[in-house]
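Welcome, and thanks for taking a look at this chain with us. Please have the viewer open, and hop from residue to residue as you read.

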Amino acid sequence: MTAADFHLPPGLPAPVPEPDGLSRPFWDGLREQRLRIQRCGGCRTWQFGPEWICHRCHAFDPAWEDVPARGLVHSWERVWHPSHPSLKGHGPYLVVLVELPHAGGVRLVGNLLGDPLQPVRIGMPVVGRFEHHAQPFPYTLLQWAPSAERPG
């Protein structure tokens with residue numbers, strides 16, 4: 001990936017795990033180019049965002065499992081107006097809500113890479129791209145790119 005592929009302009013706050021460490025396995029996984037989603041060891045329910053208890057059965061400490069970074073566009077938006085001063089002059093860009101079939105249909109929000117005017121459709125297959133950053137500290141974002149292959 002080149003600098004031109006990066007979608008986080010300077011000046012935007014970098015993502016950090018919560019001080020209690022709840023989401024650290026997610027962020028550490030991204031740095032290792034692995035997508036990790038929580039799954040309850042008791043009832044086997046997938047969930048995201050991270051929680052200390054299962055959303056379904058209320059068991060404590062759901063485990064983190066690796067899942068393929070492949071999904072389907074569930075919803076999307078072409079953003080024209082900057083939502084942060086650092087985004088001025090960086091629009092339009094595409095934001096997608098991606099459903100992960102390999103994780104019980106959990107959905108994640110991210111940017112869709114490529115031409116911001118490209119056609120997007122609900123159900124479009126996408127593949128995750130890990131975007132590594134070094135400043136202000138090492139972190140990785142999960143971005144999405146169109147894919148010819150449907151997740152299976």
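What follows is a short briefing, grouped by topic.

Please keep in mind that this is a predicted model. The protein chain has 1 helix and 8 strands, and from the N terminus on the helix comes before the strands, in the order α-β-β-β-β-β-β-β-β. The chain counts 152 residues, and its radius of gyration of 16 Å agrees with the value near 15 Å that a compact globule of this length would have.

**Overall build**

- Measured out along its principal axes, the C-alpha trace of the protein chain spans about 45 × 35 × 25 Å.
- Of the 152 residues, 43% count as buried.
- Looking at contacts between residues at least 6 apart in sequence, 56% join residues at least 24 apart.
- The protein chain exposes about 8400 Å², and carbon and sulfur atoms supply 56% of that area.
- On the charge side, there are 14 positive and 14 negative side chains, and the centres of these two sets lie 5 Å apart.

**Two buried glutamines**

- Start with glutamine 47, which you will find in strand β2, a strand covering residues 46-47.
- Glutamine 47 has a relative accessible area of 3%, so it falls under the 20% cut-off and is buried.
- A polar atom of the glutamine 47 side chain lies 3.1 Å from the backbone oxygen of isoleucine 53.
- Isoleucine 53 also appears among the contacts of glutamine 47 beyond four places in sequence, together with Ile37, Gln38, Cys54, His55, Pro62 and Val106.
- Now move on to glutamine 118, which sits in the loop between β6 (106-112) and β7 (125-133).
- Glutamine 118 has a relative accessible area of 13%, and because this is under 20% it counts as buried.
- The side chain of glutamine 118 reaches a backbone oxygen as well, that of leucine 113, at 3.0 Å.
- Setting aside neighbours within four places in sequence, glutamine 118 is in contact with Arg78, Leu94, Leu112, Leu113 and Pro146.

**Pairs brought together across the sequence**

- Which residues does leucine 12 touch, not counting those up to four places away in sequence? They are His84, Ser86 and Leu87.
- Leucine 12 itself belongs to the segment before α1 (24-31).
- Leucine 12 and leucine 87 are 75 residues apart along the chain, yet their C-alpha atoms are separated by 7.9 Å.
- Valine 95 has its place in strand β5, which runs over residues 93-100.
- From C-alpha to C-alpha, valine 95 and asparagine 111 are 4.5 Å apart in space, with their positions 16 residues apart in sequence.
- Asparagine 111 is also one of the residues in contact with valine 95; leaving aside neighbours within four places, the others are Ser75, Trp76, Glu77, Val79, Val109 and Gly110.
- Is valine 95 buried or exposed? Neither label fits: its relative accessibility is 22%, so it lies between the 20% and 50% cut-offs and counts as partly exposed.

**Backbone features worth a visit**

- A cis peptide bond joins glycine 91 and proline 92, with omega at about -5 degrees.
- Proline 92 is placed in the loop between β4 (70-79) and β5.
- A cis peptide bond also joins glutamine 135 and proline 136, where omega is about 0 degrees.
- Proline 136 is found in the loop between β7 and β8 (139-146).
- Histidine 58 is not a glycine but has a positive phi, near 70 degrees.
- Histidine 58 is located in the loop between β2 (46-47) and β3 (63-67).
- With a relative accessibility of 49%, histidine 58 counts as partly exposed, because exposed means over 50%.
- Aspartate 61 is likewise a residue other than glycine with a positive phi, near 55 degrees.
- Aspartate 61 is in the loop between β2 and β3.
- At 55% relative accessibility, aspartate 61 is over the 50% cut-off and therefore counts as exposed.

Definitions and conventions:
Residues numbered from 1 in each chain as written. Predicted model: local features only at pLDDT ≥ 70, side-chain atom pairs only at ≥ 80, totals over all residues. Heavy atoms only, no water. Helix = DSSP H or I, 4+ residues; strand = E, 2+ residues; numbered from the N terminus. Buried < 20%, exposed > 50% of the residue type's maximum accessible area, 1.4 Å probe, protein only. Polar contact = N/O pair within 3.5 Å; in protein donor to acceptor, adjacent residues only side chain to side chain. Contact = heavy atoms within 4.5 Å. Rg over C-alpha atoms; globule rule 2.2 N^0.38 Å. Areas by Shrake-Rupley, 256 points an atom, 1.4 Å probe, with all protein chains shown as cover. Lys, Arg positive; Asp, Glu negative; His and termini not counted. Charge placed at Lys NZ, Arg CZ, Asp CG, Glu CD.
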